[in-house]
Amino acid sequence: MYNGQYPPPPHGGFQGSPPVSPSMGSPWQRPPSDTHTPPIPPSGPVWREHQNAQGKKYWFNTVTRQSTWEKPEELLTPEEKALMSCPWKEYKTPEGKTYYSNTQTKESRWVIPEDYKELRDKAEQAKERAAAAAQAQAQAAQAEVSSRPSPIPGTGGDVSGPPSSTSTPMGTPQQQRGPIRQPPPSATLLSQVPAVEFATKEEAEKAFVKLLRETGVRPDWTWEQTMREIITHPMYRALRTAAERKAAFHQYIDREAKRERTT
C-alpha cells in the first residue's frame with residue numbers, strides 16, 4: 001500500500017540506474033566545447049621541395065598552400081642560419097663579377113672575406129650531408145616499395161611510393177621576388193678598376209654615351225638608377241668627374257625623350 005514513501009528496493013540494491021531526484025539535474029551532461037583546443041598538426045612535413053619545368057627549386061607549404069622560391073627558415077641548417085647572420089653579403093656586378101659588401105661597416109671588396117668563406121664552406125658541407133641523407137632515405141623507401149607484392153588487377157590497389165620531391169604541385173610561384181637592392185661597390189674598390197684613357201673629352205663622352213645605350217638606359221631612368229647599373233663598368237670612368245658623367249647622362253636622356261616623342 002502506498003504510504004507516501006517509496007517502496008524499499010529489492011534485495012541486492014537497485015537494478016539498473018538509481019532514481020534521480022526531480023530537483024537534481026541529469027548527471028550526464030554534454031561537456032562544454034573547448035575553443036582553445038590547438039589544431040591537430042599535419043602528419044607529414046609542412047614544407048615540400050619541388051622543381052618547376054625549368055629545374056628551379058621552390059618550396060610548397062602543404063598547410064597554407066603557398067609556395068616560395070626561398071628556402072624556408074624552418075628548413076635551414078644551423079650552418080645556413082649562421083651564414084645568413086654574417087654581415088658580409090655576396091653580390092655580382094652587372095658584368096657578372098663577384099664582390100662582397102659588409103652591411104655593418106659598408107666596406108666592400110673583391111676578395112672573399114675569410115670569416116664569410118669559412119661560414120659558406122660549412123653551409124655547403126651541411127647541404128651536401130643533408131642531400132646525401134635525403135638520397136639514402138629515398139633509396140630505402142624505394143626499396144621498400146619494390147619489395148611489396150604487386151596489386152591484383154581490378155582491385156584498385158596502390159603500391160606506389162611517396163610523391164617525388166621533384167613533382168610540381170598546384171601553387172608554383174608565378175614569379176620571383178623583386179630584385180634585392182644591393183649596395184654598389186665602394187669608391188676604394190672601384191679605384192682598383194683601371195680607367196680607360198681617351199685623347200679628347202669628346203671621345204670620352206662618346207664612349208660614355210655608348211655605355212648608356214648598350215645598358216638600355218631609358219628616358220624615365222634616374223641618375224641613381226643608371227649609376228647602379230654602370231658604376232662597375234670600365235667605361236663609367238671614361239669621363240673623369242661625376243659632374244661630367246651626370247651632365248652627359250641628362251643630355252642623353254633628353255635626346256632619347258625627344259626621339260621617342262617624334263617616332
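How many residues does helix H4 have, and how far does H4 reach from its first C-alpha to its last? In this predicted model, helix H4 covers residues 201-215, which makes 15 residues, and reaches 21 Å end to end, close to the 21 Å expected at 1.5 Å a residue. Right after H4 comes Gly216, with a positive phi near 85°.

**H4 and its neighbours**

Start with the side of H4 that you can't see from outside. Ala204, Ala207, Phe208, Val209, Leu211 and Leu212 are the buried residues here. What they pack against is helix H5 (223-230) together with helix H6 (242-262). Leu212 is a good residue to click on: leaving aside residues up to four places away in sequence, Leu212 touches Val217, Thr226, Ile230, Ala248, Phe249 and Tyr252.

That brings us to the largest nonpolar core, which has 18 residues. Phe208, Leu212, Val217, Ile230, Tyr236 and Tyr252 are the ones with the most contacts inside this core. At least two core residues come from each of H4, H5 and H6, and H4 gives the most, with six. As background, nonpolar side chains tend to be buried together in soluble globular proteins.

Another core lies apart from that one, with seven residues, including Leu83, Cys86, Trp88 and Tyr116.

**Rings**

There are five aromatic pairs in the structure. Such a pair is described by the distance of the ring centres and the angle of the planes. Two of them are set out here.

| Ring pair | Centre to centre | Angle between planes | Kind |
|---|---|---|---|
| Tyr91 and Tyr99 | 5.9 Å | 35° | tilted |
| Trp223 and Phe249 | 5.3 Å | 50° | tilted |

Why does the Trp223 and Phe249 pair tie together parts that are 26 residues apart in sequence? Trp223 lies in helix H5 while Phe249 lies in helix H6, so their pairing bridges that stretch of sequence. Are these two rings buried or exposed? Trp223 has a relative accessible area of 9%, so Trp223 is buried, the cut-off being under 20%. Phe249 is at 0% relative accessibility and therefore also counts as buried.

The two tyrosines of the other pair, Tyr91 and Tyr99, are both buried as well. Ring pairs join Tyr91, Tyr99 and Trp110 into a cluster.

One more ring is worth a look. Over the ring of Tyr236 sits the charged end of Arg245, 4.4 Å from the ring centre. Tyr236 also turned up above, among the residues with the most contacts inside the largest nonpolar core.

**Two three-stranded sheets**

Earlier in the chain you'll find an open sheet of three strands in the order S1-S2-S3, paired antiparallel. Strand S1 (47-51) and strand S3 (67-68) are its edge strands, each pairing on one side only. S1 and strand S2 (residues 57-61) are antiparallel partners over five bridges. For a landmark, look at Trp47, which stands opposite Asn61 in S2.

The other open sheet has three strands in the order S4-S5-S6, again with antiparallel pairing. Its edges are S4 and strand S6 (108-109), and each of these pairs on one side only. S4 and S5 run antiparallel and are joined by five bridges. Where is the bridge partner of Tyr91? The partner is Tyr99, in S5. The two residues that make a ring pair are thus bridge partners too.

**Helix H2**

Helix H2 (residues 114-147) has 34 residues, which should span 50 Å at 1.5 Å a residue, and its end C-alpha atoms do sit 50 Å apart. The buried residues of H2 are Tyr116, Ala123, Ala126 and Val145. Among the elements covering them are helix H1 (78-85), strand S4 (88-92) and strand S5 (98-102). Tyr116 is also one of the residues of the seven-residue core.

**A loop to finish on**

Which loop holds Thr232? The one between H5 and H6. Thr232 has 9% relative accessibility, so Thr232 counts as buried. The C-alpha atoms of Thr232 and Thr93 are separated by 6.5 Å, though the two residues are 139 residues apart along the chain.

Note on methods
Residues numbered from 1 in each chain as written. Predicted model: local features only at pLDDT ≥ 70, side-chain atom pairs only at ≥ 80, totals over all residues. Heavy atoms only, no water. Helix = DSSP H or I, 4+ residues; strand = E, 2+ residues; numbered from the N terminus. Expected span 1.5 Å × (residues − 1). Buried < 20%, exposed > 50% of the residue type's maximum accessible area, 1.4 Å probe, protein only. Contact = heavy atoms within 4.5 Å. Pairing = 2+ DSSP bridges. Phe/Tyr/Trp six-rings, centres within 6.5 Å; stacked < 30°, edge-to-face > 60°. Lys NZ or Arg CZ within 6 Å of the ring centre and 35° of its normal. Core = buried A, V, L, I, M, F, W, Y, C linked by side-chain atoms within 4.5 Å.
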